[in-house]
Amino acid sequence: MTAAQPPAAGSIDYGLISVVPDPDTEQWWAATAAGRLLVRQCDACGFRFFPPSPTCIRCRSTSLGWFESGGRGVVYSYETVVQPTLAAFAAAVPYSTALVELEDCANDDGTPVRIFGTVLGERGAEDEIGIGAIVEVVFELMGPSGLMIPRFRVVETPAGTWRITGHAANGPAGTLPKRL
Amino acid sequence: VASLTDKYCIVGVGETAFMRDSGRTTLSLACEAIKNAAADAGLRLDDLDGVTSYNTNDSCVTAQVAHALGLKLNYGVDIYGGAGATEALIAQSIGLIEQGYARSMVLFRSMNGRSGNRKGGRSPAGGGSVVEARGRSQFTVPAGLHGAPCDYALYAARYLYEHGYDSDIFGHVAVTQRRHAQLNPKALRREPMTLEDHRSSRWIVKPLRLFDCCQEVDNAVALIIAPASWAQDLRQPPVYIRGGIGRAWSEMPDFEWSRKEILRSVGYRVRSRLFGQADIHPDDVDIFGMYDCFTPNPLYWWEAMGYCGTGEGGAFIEKGAAISIDGPYPQNLSGGQLSETYTHGFNLVTENVRQLRGRADDWCPGAAEGVHSFDRDKGCRQAVARRDRVSSGSGPAPGPRSSPAPGPRSGPAFPEISLNVGTGSPRYLSAVVLRR
C-alpha cells in the first residue's frame with residue numbers, strides 16, 4: 001500500500017501503477033520521457049511494429065532501430081470504462097481508452113501499428129471519441145516514477161465517426177466493485 | 001481420419017457446487033470434483049494414475065491433489081492457461097495414454113474465482129495496492145486496460161461498428177442461455193431474464209453491460225479420459241473423443257491489437273483441419289459449446305467455424321431462436337458461463353458429455369437413467385438429435401428415429417455429436433468434437 005493522497009476527481013492515480021521497463025522496452029520509455037513516440041523499425045526489412053520485441057516480428061532480424069511517429073492516428077476501437085478494476089482509475093471513471101492506428105507507421109503490406117492510450121476529456125470524452133475519430137498523442141507524467149505515458153486528444157471527428165450507444169444509465173462514478 | 005479418433009472416451013464427469021464464497025481451499029474443491037467424476041465413471045481412485053490441470057496462478061496443482069487423494073501418479077503436469085485449456089488438455093491426454101505415459105487421465109480446473117483471485121480485479125481487496133505492469137502490461141495497464149471486460153469491450157465495439165448491429169444481439173445470447181440455465185438445477189443464475197433486463201443492466205465497460213459478462217464463481221470441475229475398451233465396464237454410456245484443435249494461434253498472438261483485423265479468428269485457418277480430423281461435416285453437429293466469457297464472443301465462433309459468414313453472427317442467432325435448445329444450433333445448454341458457472345470453459349465440455357449420454361441433469365425425475373420428458377416447461381434440459389428437431393424456435397416434435405442408437409425407447413433420439421469451441425479471443429482457439 002502507498003500513502004498516496006486520494007486523487008482528484010477525474011484523474012488517474014499513477015502512483016498506484018508501477019511500470020517496470022525491461023531491456024526490450026527501456027529505450028521506448030526513455031523516448032516518451034523526452035516527448036517522442038517511437039515504434040520499432042527493423043534495420044533489415046524495414047518493418048515497423050509495436051510493442052518492442054527482441055526480434056523483427058516479420059523477418060526475425062535482431063538488428064532493430066526506431067521510427068519516430070508524429071503521434072497522430074485514427075481510432076480503430078475504443079471503450080468507456082465505467083466500473084474500474086484498478087484503484088489507480090477509481091476516481092477517473094468513466095474514462096475512455098482508445099486503440100489508435102498511427103497514421104505514419106503503416107507497413108507496405110498493410111500491417112498497421114496500433115497503440116493504446118486513455119482519452120483526454122471529461123467523463124470519458126464520450127461525445128467526442130469514436131471509431132474513426134482522428135486523435136493525437138499527448139504525454140503525461142506518471143506520478144513519482146518519472147515515466148511519461150502517451151494519452152490521446154481528439155482533434156477531429158469526421159462524418160461517420162461511430163460511437164457506442166445504449167439504453168442503460170451509468171452507475172455512480174468512482175465505485176470499486178462491491179463484493180456480494 | 002486421425003488414428004486416435006474414437007479410441008478414447010470421456011468416462012466420468014463431476015463438479016462441486018457452484019458457490020460465491022466456498023470457504024474452502026482450491027485443493028479441497030479439486031478433490032471433491034475428482035471424487036465425483038470417479039464415482040460417476042464407476043472407477044476407483046486407485047485406478048487413476050494421470051492428472052493434469054490448468055490454472056492462472058490461482059489454484060492448487062496436481063502434486064497437491066495426488067498427495068491429498070493418495071494417488072500414485074505416473075503423469076502429473078499442470079499448464080498455465082484459461083480459455084481453451086480444457087480442449088487442449090483433452091488432446092494431450094489421449095496422446096499421453098496412447099504412448100503409455102498413463103493408463104487414464106484426470107483433468108480438473110479448480111478456482112475460488114469469486115472469493116479468491118478474481119478475474120476482473122485480482123485480489124479480494126480490489127484496488128488500493130500498487131499494480132506492477134511488466135511485459136505487455138507496460139502498454140495496457142497505464143492506458144486503463146485491466147481485467148477481461150476491457151479486452152473484450154474493444155472487440156465488441158469493433159464488431160458493432162463493422163457490422164452495423166446494436167447491442168441487442170448480445171442481449172439475445174444472454175437471455176437464451178438464461179432460459180437454458182432455468183432447466184439446470186445446479187446453475188447459479190436461474191432468475192428470469194428478458195431483453196429489457198439486459199438493456200437496463202448497468203454498464204461495466206461500454207459497450208459491455210453486467211449481463212454481457214460471465215460470472216465469477218468458486219468451484220471445481222473434473223473429467224476422466226480412459227481407453228474406449230474400459231468404457232463398456234463402466235457406469236455411463238461412453239462418449240468418444242473424435243478430434244480437436246488445441247491451441248491454434250493467430251499471427252501476433254502476444255499483442256493482437258495490431259493485427260489487420262482483430263476480429264479475424266484463427267478458427268478460419270484451422271476449421272477444415274478440425275472437421276477433417278474428426279471426420280464430420282459441420283452440419284453433423286447436434287449441440288455446441290461456444291466459449292462465452294462475454295455475450296458477443298459466441299458470435300465470433302459461429303462465424304469462424306463457418307456456420308455463417310463474417311459479420312453474420314448477429315443475424316445468424318435469430319434473436320436467440322437458432323441457438324436455443326430446440327433450435328438448429330443449440331448453444332451452451334447448461335446456461336454456460338454466463339448463467340451456470342464459470343470454470344474457464346470446463347463446464348461447457350462436461351455439459352455436452354451429459355447431453356450426449358442422454359443424462360442431462362435437469363428437473364426430470366428419471367434424468368439419471370436417461371428418462372426425459374423433452375418438455376421445456378417442465379424443466380427438461382435434455383437436447384435431442386438435430387435430425388429429430390423441427391425448425392428453429394418451436395418445440396421438439398417426435399419424429400421418426402432413423403437410428404437404433406442409444407436413446408429413449410420412443411420419441412426423439414439423443415444428440416450424437418457435440419462441438420466445443422474454447423477460446424476467449426479471436427487470436428487463439430481450441431476445440432473438441434465428441435460423439436456418443
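**View 1. A three-stranded open sheet in chain A of this predicted model.** The strands of this sheet follow the order E3-E2-E4, and their pairing is antiparallel. Strand E3 (48–49) and strand E4 (64–69) of chain A are the edge strands, since each of them pairs on one side only. Strand E2 (residues 37–42) of chain A is joined to E4(A) by six bridges in the antiparallel sense. In general, the strands of a sheet pair through backbone hydrogen bonds, in either a parallel or an antiparallel manner. Helix H1 (residues 26–33) of chain A lies across E2 and E4 of chain A, and the helix runs at about 145° to E2(A).

**View 2. Arginine side chains over aromatic rings in chain A.** A:Arg40 has A:Trp66 in E4(A) as its bridge partner, and the charged end of A:Arg40 also sits over the ring of A:Trp66, 3.8 Å from the centre of that ring. A second arrangement of this kind involves A:Arg48, whose charged end sits over the ring of A:Phe67 at 4.5 Å from its centre.

**View 3. An aromatic pair formed by A:Trp28 and A:Trp29.** A pair of aromatic rings is described by the distance of the centres and by the angle of the planes. Over all chains, 30 aromatic pairs are counted. One of them is formed by A:Trp28 and A:Trp29, which meet edge-to-face, with 4.9 Å from centre to centre and 90° between the planes. Both A:Trp28 and A:Trp29 are buried.

**View 4. The surroundings of A:Gly73 in strand E5 (residues 72–81) of chain A.** A:Gly73 has a relative accessible area of 0%, and this residue is therefore buried. When its neighbours within four places in sequence are left aside, A:Gly73 is in contact with several residues, among them A:Val100, A:Leu102, A:Ala133 and A:Val135. The C-alpha atoms of A:Gly73 and A:Val113 are separated by 9.8 Å, although these residues are 40 residues apart along the chain.

**View 5. The buried and exposed sides of helix H2 (residues 62–69) in chain B.** The residues B:Thr62, B:Val65, B:Ala66 and B:Leu69 of this helix are buried. Seen down the axis of H2(B), its buried residues fall within an arc of 100°, so they line one face of the helix. On the other side of H2(B), B:Ala63 and B:His67 are exposed. The buried residues of H2(B) pack against helix H1 (26–41), strand E2 (50–55), strand E3 (75–80) and strand E4 (105–112) of chain B. Just after H2(B), B:Gly70 takes a positive phi of about 65°.

Technical notes: Residues numbered from 1 in each chain as written. Chains lettered and ligands numbered in written order. Predicted model: local features only at pLDDT ≥ 70, side-chain atom pairs only at ≥ 80, totals over all residues. Heavy atoms only, no water. Buried < 20%, exposed > 50% of the residue type's maximum accessible area, 1.4 Å probe, protein only. Helix = DSSP H or I, 4+ residues; strand = E, 2+ residues; numbered from the N terminus. Arc of directions from axis to C-beta. Contact = heavy atoms within 4.5 Å. Phe/Tyr/Trp six-rings, centres within 6.5 Å; stacked < 30°, edge-to-face > 60°. Lys NZ or Arg CZ within 6 Å of the ring centre and 35° of its normal. Pairing = 2+ DSSP bridges. Axes fitted to C-alpha atoms, helices over the stretch in contact; angles between N-to-C directions.
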